[in-house]
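Hello,

Here is the structure I promised to pass on. My notes follow below it, and I hope they are handy at the bench.

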Amino acid sequence: MTNTTASTPDSTGRQLNLEIKNIGGVSHAQFSLSSGVTLFSGENASNKSSTLRALAGVLGGPLPPLKSDADTGSVRMNVGDDKYYLDLTRKDGKVVVSESRVYSGKGDLCELFMALTEINPIRQAVLAGDDLSELLMQPIDTDEIEAEIRHLTEEKESLDDRLDDLDKMENRVPGLLARRDSIQKEIEDVSDSLEETRTEIEEFRIRN
């Protein structure tokens, strides 16, 4: 198997270092991956799938198989100062986890997207010509998106109502201005009448 990394480490200089023991057909292997795209190439039965299953397992996906002649196996992954591990043991004919600290707790998503092995649901769907929409949408929290859509719709409706109220108020402005002018004229007329009445009263007092 040939491991070809198609990029350099990221700006932090961190690399993913992987060590595999007794997984699938791999007795022992160590290699490093840098950020970007990594291509694994090799002939059939060169343990490409075993390597991918080991990586998927320590990332949080399905358990990789133990080597047929081994009772224990392990995967070690270091990313900078962060260390992850998956220790497997054969017990009563079954492979179980003895110790682990995997990268992610979302096993279903790891199984879907971390390694496209022959048992991967997306790979099987592609080979069968099935629709991938439902599988590809699994990482997306559609309930949260729908709740946000409802919230934004309600907010839009509230804003639309406020705009309608403002439009109605704007349409009432000419009438309100005319009413204001009319009331202002009435106030002026009353003021004039009041002033005339005061004058008449004052003249009456002077005469008497």
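Helices (H or I, at least four residues) and strands (E, at least two) are DSSP runs, numbered from the N terminus. Please keep in mind that this is a predicted model, where local features need pLDDT of at least 70, side-chain atom pairs count only at pLDDT 80 or more, and totals for chains, interfaces and linings use all residues. Residues are numbered from 1 along each chain as its sequence is written, and side-chain values use heavy atoms, with hydrogens and water left out.

The protein has five helices and seven strands, in the order β-β-β-β-α-β-β-β-α-α-α-α along the sequence. Of its 208 residues, 21% are buried (under 20% relative accessible area; exposed is over 50% and partly exposed in between, with a 1.4 Å probe and protein chains only).

Helix H1 covers residues 48–59. Its buried residues include Ala54, Leu55 and Val58. Gly60 follows H1 and has a positive phi, near 125 degrees.

Helix H5 spans residues 142–207 and contains Asp164; Met169 is in H5 too. Asp164 counts as partly exposed because its relative accessibility is 41%. Asp164 also belongs to a negative surface patch, whose members include Glu157, Asp161 and Asp165. Met169 joins Leu163 and Leu166 in a nonpolar surface patch. Patch residues have over 30% relative accessible area and no salt bridge (a side-chain nitrogen of Lys or Arg within 4 Å of a carboxyl oxygen of Asp or Glu); like charges are joined within 9 Å, and nonpolar side chains (Val, Leu, Ile, Met, Phe, Trp, Tyr) within 5 Å.

Best wishes

How values were computed
The expected span of a helix is 1.5 Å times one less than its number of residues. Accessible areas come from the Shrake-Rupley method with a 1.4 Å probe; for residues, only the protein chains shown count as cover. Lys and Arg count as positive and Asp and Glu as negative; His and the chain ends are not counted. The place of a charge is taken as NZ of Lys, CZ of Arg, CG of Asp or CD of Glu.
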